[in-house]
Amino acid sequence: MSKDLISLDELMKLGQDAMDNAGNKHRPSMQEKDLQVATYQMPIHLKDSMQGKQYSILTYGCQMNEHDSEIMAGLLQEMGYTQASDVDEADFILFNTCAVRENAESKVWGEVGRLKPLKRLNPGMIIGICGCMAQEEPVRQRIQAKYPQVDIVFGTHNVHRLPELIEQAQQTKEAIFEVWEEAQPVLVENMPKARMEGTKAWVNIHYGCNKFCTYCIVPYTRGRERSRIPSDVVAEVEELAKTGFREITLLGQNVNDYGLDLKTVDFADLLEQVNRVDGIDRIRFTTSNPWNFTDKLIDTIAHSKNVCEHIHLPVQSGNNDVLKRMNRSHTREYYMELVDKIRSSIPDVALTTDIIVGFPGETEEQFLDTLDLLQRIRYDGAYTFIYSPRKGTPAAKWEDNITMEVKKDRLNRLMELQNQISLEKNLRLQGKVVEVLVEGVSKTNPDMLSGRTRTNKLVHFKGSEKRIGQLVMVEIADVQTWTLKGSLLEVKDAAPNR
Ligand code: SAH
Ligand code: SF4
Ligand code: F3S
């Protein structure tokens, strides 16, 4: 597949146009244009220009944001910054924000507020806000009005501009706002990445979301869907394998829409290509939408040795009326049939989901349909959320008519049922031997190592730190709702590069 290459300067002009045309709704849709790719290169004068200075990035939100933070850390390190061990010691503090629910936003406001006195003590300090909140106009207005300590605000579409924005911030006292209203169909390749882990890595494959579920802010903060060129994805995965990574997670809001814009490749094809990369033992992906989860995709997952037996398949609700008002493209029946197909093709697959309770108008009966769906599907785990109205989304205009008391009660009932099911499912693993990719020392107990099964279950066990990065076999002895405990039996496959 050929790439249409453009320069970073041309990209900057497109971004500037997007800012100037923010209110113009008649721009051609992105799908009418061809994808263009720009190759990142840091201007020479910015390389190592910040030697001796320290940065700290605070990340909120999904894996996509975590990975964007790795890219921004890569840019900062190329500028000469090192990572501060404590936020208070940093010369540059960056908030990579999430807008998906109100509490995600409240945390950021609290933390940014806390920095006001720190900035007074250290006026040379630069504070930045980026990520999904920055894409929202009311957020930018609030920063302008109430948070004079903030120096730089940029969005999800111009992450690569961070070095120049820091340079500008040093030269001016005014806060700089550079948020591109919507990304052009342009991807910036070749950005440096300072990955947080050494064994597993995230790899972007698909940006944006075209689904417009009525509750969700993501399509507004991440723009329209764009797929990375498959050869760029495969090249990145090959590079990761060479540097010792053994597991990758392919990232997108709707990974199974991958390739719709490119037209010559789909997600199943990409999985197959990535599955052929030597040295990568485990391939995961998130998030896959129940819609467009094709038979071909199920078959590819079933037959690709390295693709793990875990699918995160957000259902959101078990009631068709609620699903319709959420603008989810699936019905309860379609979803259950899909789960049957997945389970019959991929034995022992683990399924997890996302559920929202208290969506406007959700009745007790409709909520009971969700509990019933949980009983029937029996997920391995579920992320459960109280509906949070997001300004600018269709649902936010509907009356949020369910009291917080009822919402909390539904959430508790849902969690109680799911915890019981998760525990029952985990109990089936007691006494079994499972393959674990060792990720590191346990975050909760320094005497234990932790890693995950292919089905994404967290396992703790005792062992030497030299097991980190290795595939080992662990016998499960003790089972809890969220974790498994076991003992190391043998090393299955020591890492090639360690
Ligand atoms: N692209 C993914 C979801 C990304 S957002 C998908 O469609 O599956 C992660 C989860 O946050 C969603 O699945 C949903 O359960 C939850 N969520 C999104 N908007 C929300 C809102 N306004 N209130 C509460 N939960 C929300
Ligand atoms: Fe949000 Fe729906 Fe897109 Fe997921 S598919 S990111 S829930 S709009
Ligand atoms: Fe949050 Fe943006 Fe991810 S809103 S969930 S950080 S795409």
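A polar side-chain atom of Asp354 sits 2.6 Å from an oxygen atom of ligand 1. The model is predicted, and this pair of atoms is a convenient place to enter it. Two arginines also reach oxygen atoms of ligand 1 through polar side-chain atoms: Arg101 at 3.0 Å and Arg328 at 3.2 Å. In total, 16 residues surround ligand 1. The closest are Gln253, Pro314, Gln316, Asp354 and Ser388.

Some of these residues lead on to the other ligands. Arg328 belongs to the shell around ligand 2, and Gln253 is listed there too. The rest of that shell includes Cys209, Cys213 and Cys216, together with Lys211, Phe212, Tyr215, Val218 and Pro219. Three asparagine and glutamine positions, Gln253, Asn254 and Asn289, are also found around ligand 2. Sorted by class, the shell of ligand 2 comprises 7 nonpolar, 3 polar and 2 charged residues.

Gln253 appears again around ligand 3. Its companions there are Cys62, Asn65, Cys98, Ala99, Val100, Cys132 and Arg222. This shell divides into 5 nonpolar, 2 polar and 1 charged residues.

The domain assignment puts these positions in context. Domain 1 covers 39–178, domain 2 covers 186–427 and domain 3 covers 433–491. Between the C-alpha centres of domain 1 and domain 2 the distance is 28 Å. Where these two domains meet, 28 residues of domain 1 are in contact with 26 residues of domain 2. The area buried between them is about 2,600 Å², and carbon and sulfur atoms account for 62% of it. On the domain 1 side, the residues that lose the most area to domain 2 are Met64, His67 and Glu70, which together make up 27% of what that side buries.

What charged and polar pairings cross from domain 1 to domain 2? There are 2 salt bridges between the two domains, and 10 residue pairs are in polar contact across the interface. Two helices of domain 1, α2 (63–78) and α3 (102–121), each supply at least two residues of the side that touches domain 2. Of the elements on that side, α2 gives the most, with 13 residues. The domain 1 side as a whole consists of 10 nonpolar, 10 polar and 8 charged residues.

Arg222, already met in the shell of ligand 3, also pairs with Asp68 in a salt bridge, at 3.0 Å from N to O. Over the whole structure the count of salt bridges is 36. Another of them joins Asp281 and Arg246, whose closest N and O atoms are 2.8 Å apart. Asp281 is in the loop between α8 (267–275) and β14 (282–286), while Arg246 is in the loop between α7 (230–242) and β13 (247–251), so the bridge ties together parts that are 35 residues apart in sequence.

Two features of the backbone remain. Most peptide bonds are trans, and most residues other than glycine have a negative phi. The bond between Thr286 and Thr287 is a cis peptide bond, with omega at about 0 degrees. Thr287 lies in the loop that runs between β14 and α9 (295–303). Asp348 has a positive phi, near 60 degrees, in a residue other than glycine. The location of Asp348 is the loop between α11 (332–345) and β16 (350–357).

Methods. Residues are numbered from 1 along each chain as its sequence is written. Chains are lettered from A and ligands numbered from 1 in the order in which they are written. This is a predicted model: local features need pLDDT of at least 70, side-chain atom pairs count only at pLDDT 80 or more; totals for chains, interfaces and linings use all residues. Side-chain values use heavy atoms; hydrogens and water are left out. A residue is near a molecule or strand if one of its heavy atoms lies within 4 Å of it. Ala, Val, Leu, Ile, Met, Phe, Trp, Tyr, Cys and Pro count as nonpolar, Asp, Glu, Lys and Arg as charged, and the others, Gly among them, as polar. Domain bounds come from an automatic or database domain assignment. Contact means heavy atoms within 4.5 Å. Buried area is the accessible area (1.4 Å probe) that two parts lose on being put together, summed over both. A salt bridge is a side-chain nitrogen of Lys or Arg within 4 Å of a carboxyl oxygen of Asp or Glu. A polar contact is a pair of N or O atoms within 3.5 Å; within protein, one must be able to donate a hydrogen and the other to accept it, and residues adjacent in sequence count only if both atoms are side-chain atoms. Helices (H or I, at least four residues) and strands (E, at least two) are DSSP runs, numbered from the N terminus.
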